[in-house]
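Me: Hi! I'm new to this one and would love a friendly walk through it. Could you take me around?

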Amino acid sequence: MIFEETFTLPNGVEIPKLGLGTWRIADDAVVSIVRDAIGVGYRHIDTAQAYANERGVGEGLRAALSVGGMARDDVFLTSKLAAESKSYDDAKQRIDTSLNTLGVDHVDLMLIHSPQPWAEFRDGARFDEGNLEAWRALEDAYAAGKLRAIGVSNFERADLDNLLDNGTVAPMVNQILAHVGNTPFDLIDYSRSKGMLVEAYSPVAHGAVLQNARLAALAEKYEVGIAQLCIRYCLQLGLLPLPKTTNVDHMRSNAALNFEISGADMETLKLADNTDYGAASAFPVFGKKRHPDARH
Ligand SMILES: NC(=O)c1ccc[n+]([C@@H]2O[C@H](COP(=O)([O-])OP(=O)(O)OC[C@H]3O[C@@H](n4cnc5c(N)ncnc54)[C@H](OP(=O)(O)O)[C@@H]3O)[C@@H](O)[C@H]2O)c1
């Protein structure tokens, strides 16, 4: 059962292999969604300061624990430091605010959300100094036991090198856009070569793959849905998928992953092209500035 499976981070912390994404779920709505997801069996929730729903995530977590006979540490909680936070003092304060807003005394994993503030995402400007300051705040919170693991998101090779060369603790995770049709293999390989676990965000392409006829045919062959096929694809690449859903039936089917995609079909999926995000292209992460490491 996928809910019982974990990856191990470089510092020995275990992280459940399937996480629930919560981007664009409102603070009030996320309470019951997190509670239901934990009830279904999810043990890993992904939020961020930018999602403005940490309060609700914390409330949903406590609601689930109160009925489930579970302890806080049975659920792995990830949050992300705001992309705009590029000074030590600001980052330190925001980390503490996250703990207070979530209502927890530690977060399992905190990531720098992006190497650039969103307004300048992939515009070419480097924020090496600011990222080092933010990283130092994460390192200190990690040393203080407020964070059990620390990492980054949307970091490209040069951004990683900056922290690897100048930081004290190496990033343990790189959370990046990765799904059938847009898998940045070079960045994945590089992140792994430096010891990081790679997490796949938007593993069903923010929904953009759900109408794809060729994927539908392949999913049918395995008697699964397209979302399941895409999530399984990530897992077979050794990535940790973070599908987002507000629908309890989808929570269940997205975790029904007890099938194996053949080697030949994995090759087909690696070569698929699915980068038309439709209306979601307005978000920086799905914008035209495609990752230079993306092969397809
Ligand atoms: N670090 C970053 O910069 C970053 C950026 C983007 C995302 N993320 C993380 O990754 C998570 C997932 O990414 P995402 O929210 O962009 O998109 P996603 O998980 O790729 O796709 C979500 C969409 O797929 C639908 N869906 C999911 N399972 C389904 C199923 N079984 N059948 C039919 N439809 C299904 C959802 O609708 P329903 O709700 O109706 O199921 C929703 O519309 C985010 O929530 C966030 O935690 C991180």
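Reply: Happy to! One definition to begin with: a residue is called buried if 20 or more other C-beta atoms lie within 10 Å of its own, exposed if 12 or fewer, and partly exposed in between. Also keep in mind that this is a predicted model.

Me: Okay, let's try that out. Is Ala52 buried, exposed or partly exposed, and why?

Reply: Ala52 is partly exposed, because 15 other C-beta atoms lie within 10 Å. You'll find Ala52 in the loop between E4 and H2.

Me: And how far is Ala52 from Asn131?

Reply: They are 79 residues apart in sequence, and 22 Å apart in space from C-alpha to C-alpha.

Me: Let's move to the sheet. What order do its strands come in?

Reply: The order is E3-E4-E5-E6-E7-E8-E9-E10, an open sheet of eight strands with parallel pairing. At the edges are strand E3 (20-21) and strand E10 (240-241), each pairing on one side only.

Me: What joins E3 to E4?

Reply: Two bridges do, and the strands run parallel. In that pair, Gly21 stands opposite Asp46 in E4.

Me: Which helices pack on this sheet?

Reply: Helix H3 (residues 88-102) is one of them, touching strand E5 (76-81) and strand E6 (109-112). The direction of H3 makes about 145 degrees with that of E5. Helix H4 (residues 128-143) lies across E5, E6 and strand E7 (150-153), and it runs at about 170 degrees to E6.

Me: Tell me about E7. Which of its residues are buried on each side?

Reply: Ile150 and Val152 are buried on one side, and Gly151 and Ser153 on the other, so to speak covering both faces of E7.

Me: And how does E7 pair with its neighbours?

Reply: E6 and E7 pair in the parallel sense over three bridges, with Val152 in E7 as the bridge partner of Ile112. E7 is joined to E8 by two bridges, again with the strands running parallel. There, Ser153 has Gln175 in E8 as its bridge partner.

Me: Why is E8 described as largely enclosed?

Reply: Because five of the five residues of strand E8 (residues 173-177) are buried, it is largely enclosed by the rest of the structure.

Me: Switching topic: how do H1 and H2 sit against each other?

Reply: The axes of helix H1 (residues 27-40) and helix H2 (residues 54-68) come within 7 Å and cross at roughly 35 degrees. The crossing is right-handed. Among the residues that meet are Val30, Ile33 and Val34 in H1, and Val57, Leu61 and Ala64 in H2. By class, the residues of this contact are nine nonpolar, five polar and five charged.

Me: How many residues of H8 are buried?

Reply: Nine of the eleven residues of helix H8 (residues 226-236) are buried, including Leu229, Ile231 and Tyr233. The buried residues of H8 pack against strand E9 (197-201), helix H7 (213-221), E10, H9 and helix H10 (263-271). Just after H8 comes Gly238, with a positive phi of about 80 degrees.

Me: Last one: what surrounds the ligand?

Reply: There are 28 residues around the ligand, and the closest are Gly21, Trp23, Tyr201, Lys244 and Thr245. That shell has ten nonpolar, 16 polar and two charged residues. Helix H9 (residues 248-254) gives the most to the shell, with three residues.

How values were computed: Residues numbered from 1 in each chain as written. Predicted model: local features only at pLDDT ≥ 70, side-chain atom pairs only at ≥ 80, totals over all residues. Near = placed C-beta within 6 Å. Helix = DSSP H or I, 4+ residues; strand = E, 2+ residues; numbered from the N terminus. Nonpolar A, V, L, I, M, F, W, Y, C, P; charged D, E, K, R; others polar. Pairing = 2+ DSSP bridges. Contact = placed C-beta atoms within 7 Å. Axes fitted to C-alpha atoms, helices over the stretch in contact; angles between N-to-C directions. Left-handed = near helix turned anticlockwise from the far one by under 90°.
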